[in-house]
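Visitor: I'd like a close look at a single part of this model, with the charged side chains as the way in. Could you walk me through that?

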Amino acid sequence: MDEARQQAFTKQVARVRAAGVLGRSHGLARLFDYLADPARQGVTLREADMAQDVFGRELDLSGDASVRVYVHRLRKKLEDFYSGPGAGEPHRLMIPVGEYRLDV
């Protein structure tokens, strides 16, 4: 990620955190922090890794949709923020559909 993009990413992460977009959900906050970690920038993560690293459990991919549900909820919270109080922001955080990574 180039320097200007990294700065925009860092600024948007701080704005989302400060705006209280994630509400009181500790799971969403942990997921957001995990995806926002600079060490994970540009890397598409595996669902099973996220289940272990964020939620501390093994994931049975055949029937456990919990990570997908949390990612969907986080994606929706970001969309709501940028269509409301964050509408004037020059950059936006997003989770690309079909991927498990945060991008700007």
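How many salt bridges does the count come to? And once that's settled, please zoom in on helix α4 and what arginine 75 is up to there.

Guide: Sure thing. Keep in mind that this is a predicted model. The count comes to nine salt bridges.

Let's start with one that links distant parts of the chain. Arginine 15 and glutamate 89 pair up through their side chains, with N to O at 3.5 Å. Arginine 15 sits in helix α1 (residues 3-19), while glutamate 89 belongs to the segment after α4, and the two are 74 residues apart. Glutamate 89 counts as buried because its relative accessibility is 17%, under the 20% cut-off. Arginine 15, at 35%, is partly exposed.

Next comes a cluster around arginine 101. Its side chain meets that of glutamate 99 in a salt bridge, 2.4 Å from N to O. Arginine 101 also forms a salt bridge with aspartate 103, and there the closest N and O atoms are 2.9 Å apart. Both arginine 101 and aspartate 103 are buried. Through shared partners, salt bridges join Arg5, Glu99, Arg101 and Asp103 into one network. For the accessibility numbers, arginine 101 comes in at 18% and so counts as buried, whereas glutamate 99 is partly exposed at 24%.

Now for the part you asked about. Arginine 75 lies in helix α4, which covers residues 66-83. Arginine 75 is buried, yet it has no salt bridge. Why not? The nearest side chain of opposite charge is that of glutamate 79, 5.4 Å away, and a salt bridge needs the nitrogen within 4 Å of a carboxyl oxygen, so the pair doesn't qualify.

What does the side chain of arginine 75 have beside it instead? One of its polar atoms lies 2.9 Å from the backbone oxygen of isoleucine 95. Leaving out residues up to four places away in sequence, arginine 75 touches Ile95, Pro96, Val97, Gly98 and Glu99. Glu99 is also in the network with Arg5, Arg101 and Asp103, so you can go from the arginine 75 contacts to that network by way of a residue that is partly exposed, at 24%.

Step back to the helix as a whole. With 18 residues at 1.5 Å a residue, α4 should span 26 Å, and its end C-alpha atoms are 26 Å apart, so the two agree. Arginine 75 has company among the buried residues of α4: Ser66, Val67, Val71, Leu74, Leu78, Phe81 and Tyr82 are buried too. If you're looking at the spacing in that list, here's the background: an α-helix has 3.6 residues a turn, so residues three or four places apart point the same way.

What do those buried residues pack against? The answer is α1, α2 (26-36) and α3 (47-55). Seen from α2, the buried residues are Gly27, Leu28, Leu31, Phe32, Tyr34, Leu35 and Ala36, and what covers them includes α1, α3 and α4.

Valine 69 is also found in α4, but at 44% relative accessibility it counts as partly exposed. Its C-alpha atom is separated by 10 Å from that of leucine 28, 41 residues apart along the chain.

As for how far to trust the view, the chain averages a pLDDT of 89, and 94% of the residues score at least 70. Among the elements of the chain, α4 has the highest mean pLDDT (94) and α3 the lowest (87).

Definitions and conventions. Residues numbered from 1 in each chain as written. Predicted model: local features only at pLDDT ≥ 70, side-chain atom pairs only at ≥ 80, totals over all residues. Heavy atoms only, no water. Helix = DSSP H or I, 4+ residues; strand = E, 2+ residues; numbered from the N terminus. Buried < 20%, exposed > 50% of the residue type's maximum accessible area, 1.4 Å probe, protein only. Lys, Arg positive; Asp, Glu negative; His and termini not counted. Polar contact = N/O pair within 3.5 Å; in protein donor to acceptor, adjacent residues only side chain to side chain. Contact = heavy atoms within 4.5 Å. Expected span 1.5 Å × (residues − 1). pLDDT = per-residue confidence, 0-100.
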